[in-house]
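Biologist: I would like to learn how to read a model like this one, feature by feature. Please start with how helices pack.

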Amino acid sequence: MSDINNEFNKALELAENIVENVSPRPPVGSIIIDEGKVIGKGVTAINPLRHAEVNALNEAKNKVNSFKNSTLFTTLEPCFHKGDTEPCVDQIIESGIKNVVIGSIDPNPKVNEKSITKLRNNNINVKIINNPELKKRSQRLIEPFKLYIEKSMPYVTAKMAISIDGKIATKTGDSKWISSEKSREIVQNMRSKSDAILIGSNTLKIDKPSLNARNRDFQPKIKAVVKSNPDNYSDFQTLLENNKSKIIVYCEKKPSDHQLWKDIEFVEIKKTNLKLDLNAILIDLASRGCINILMEGGGKLLGSLIDLGFVNKVTLFISPMLIGGESSADSIGGEGIEFISQSKKLEDLEVKIVESDIMVTGILKNHV
């Protein structure tokens, strides 16, 4: 790997390891190199709100007299427009930096290649990274943001913990615990970085989850439940325990005593084909600034989302146990398909061992 790729990889690693959820902004990492040394690092930050490039500049400004021999590496094209912050591109120009290396072009029409043009018009040398693996990792960082910008839809990651025969619970509904302790810790991190966690009515009733990100500083903004006819406030008590998230129930009709359901918001959704309109639910979540959604069950809701093409990514924890039983809960329901040619396929696979589990992560694509 060349020096430029090695240095850019450092910026990527910063972005990939951001602890807090920075949504609705994409995670960005930036470093400044001067005479072969890293003099500044920065990532997207929420409190206080600053972009990665500005954070790197602020860290580096007292370490050199001039940035004329420095290079800024950033995983995403710097912002062009004034929003909650001043345009990063202007601050880069004012700094005197003469070399900028960028991972991905910003898909936002307000930015898209405008910052690159402005930098070049100000005699700054701009390179777009061309290493295929580094480019892919840069793109992967902004996939949820890109979908949100281009289609006003959230990016849905389906999380499943299954037995080796594809079950998510026994015939009595028992599912604690299929996955290992370390796998469940990974899920806590996933929750912490998600804008919303989405579950169905059976998962609520049988598993009684809290959906909190346990022992994490950052919690999901929203806990969302799809339940056509909510009729029992006590079903939601575990969601309310130590809760720091908004709880939304997507239903066909609010319960008659909904004013008494403290700390729960109801959103009425029309049915299509005898089911609540999942497209309308995702649009509503996107309108609330939810870019990353973690789908945690159950099999029926997951199957319906897959049928409709709304699942973008899958994280699967496979436990080396057999559950069996025709009436045991399967991991994926829905209508299913008639032919293998209609199947979905996981691409960009990552497979690793987590204690006794096999963790599989991939992007869901149509079968080719």
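Modeller: Two packed helices are described by the angle between their axes and the distance between the axes. This is a predicted model. In it, the axes of helix H3 (residues 88–95) and helix H4 (residues 114–121) come within 10 Å and cross at roughly 20°. Angles under 35 degrees count as roughly parallel, so H3 is roughly parallel to H4. Their crossing is right-handed.

Biologist: Which residues of H3 and H4 meet?

Modeller: On the H3 side they are Val 89, Asp 90, Ile 92 and Ile 93, and on the H4 side Ser 115, Lys 118 and Leu 119. Sorted by class, this contact of H3 with H4 has four nonpolar, one polar and two charged residues.

Biologist: H3 also packs with helix H2 (residues 52–60). What are the angle and the axis distance there?

Modeller: H2 and H3 pack at an angle of about 25°, and their axes are 9 Å apart. That angle makes H2 roughly parallel to H3. The crossing of H2 and H3 is left-handed. H2 contributes Glu 53, Val 54 and Leu 57 to the contact, while H3 contributes Cys 88, Gln 91, Ile 92 and Ser 95. In the contact of H2 with H3, four residues are nonpolar, two polar and one charged. Note Ile 92 of H3: it is listed in the contact with H2 and in the one with H4.

Biologist: Now the sheets. How should I read one?

Modeller: Strands of a sheet pair through backbone hydrogen bonds, either parallel or antiparallel. Read the order of the strands, then find the edges. One open sheet here has five strands in the order E2-E1-E3-E4-E5, with mixed pairing. E2 and strand E5 (125–128) are at the edges with a single partner strand each, so one side of each has no neighbour in the sheet. On average, neighbouring strands of this sheet are turned by 15° against each other, direction ignored.

Biologist: How many bridges join strand E1 (residues 29–34) to strand E2 (residues 37–43)?

Modeller: Six, and E1 and E2 run antiparallel. Within this pairing, Ile 31 stands opposite Lys 41 in E2. The hairpin of E1 and E2 has two residues between the strands, and Glu 35 in that hairpin takes a positive phi near 50°.

Biologist: And what does E1 do with strand E3 (residues 70–76)?

Modeller: E1 and E3 pair over five bridges, again in the antiparallel sense. Ile 32 stands opposite Leu 72 in E3. Helix H1 (residues 3–16) packs on this sheet, touching E1, E2, E3, strand E4 (99–104) and E5, and its direction makes about 145° with that of E1. Helix H5 packs on the sheet too, touching E3, E4 and E5 at about 65° to the direction of E4.

Biologist: What is the order of the strands in the sheet of nine?

Modeller: That open sheet runs E11-E10-E9-E8-E14-E6-E15-E18-E17, with mixed pairing. Its edge strands are E11 (264–268) and E17 (344–354), each pairing on one side only. Neighbouring strands of this sheet are turned by 20° against each other on average, direction ignored. At the E11 end, five bridges join strand E10 (residues 246–251) to E11, and the two run parallel. Ile 247 has Ile 264 in E11 as its bridge partner.

Biologist: Which helix lies across strands of that sheet, such as E8 and E14?

Modeller: Helix H10 (residues 299–307) does, running at about 110° to E8. The strands it lies across also include E6, E9, E17 and E18.

Biologist: How do I look for links between distant parts of the chain?

Modeller: Salt bridges are one place to look. The structure holds 16 salt bridges. In one of them, Glu 350 is joined to Arg 140, with the closest N and O atoms 3.2 Å apart. Glu 350 is in strand E17 and Arg 140 in helix H5 (residues 132–151), 210 residues apart.

Biologist: Last, the backbone. Where are the cis peptide bonds?

Modeller: One joins Lys 176 and Trp 177, with omega about -5°. Trp 177 lies in the loop between strand E7 (167–169) and helix H6 (181–192). Another joins Gly 297 and Gly 298, with omega about 5°. Gly 298 sits in the loop between E14 and H10. Check phi as well: Asp 263, a residue other than glycine, has a positive value near 65°. Asp 263 is in the loop between E10 and E11.

Conventions:
Residues are numbered from 1 along each chain as its sequence is written. This is a predicted model: local features need pLDDT of at least 70, side-chain atom pairs count only at pLDDT 80 or more; totals for chains, interfaces and linings use all residues. Side-chain values use heavy atoms; hydrogens and water are left out. Two strands pair if DSSP finds at least two bridges between them. Helices (H or I, at least four residues) and strands (E, at least two) are DSSP runs, numbered from the N terminus. Axes are lines fitted to C-alpha atoms, for helices over the stretch in contact, and angles run from 0 to 180 degrees between N-to-C directions. Contact means heavy atoms within 4.5 Å. Angles under 35 degrees count as roughly parallel, over 145 as roughly antiparallel, 65 to 115 as roughly perpendicular and the rest as oblique. A crossing is left-handed if the near helix is turned anticlockwise from the far one by less than a right angle, and right-handed if clockwise. Ala, Val, Leu, Ile, Met, Phe, Trp, Tyr, Cys and Pro count as nonpolar, Asp, Glu, Lys and Arg as charged, and the others, Gly among them, as polar. A salt bridge is a side-chain nitrogen of Lys or Arg within 4 Å of a carboxyl oxygen of Asp or Glu.
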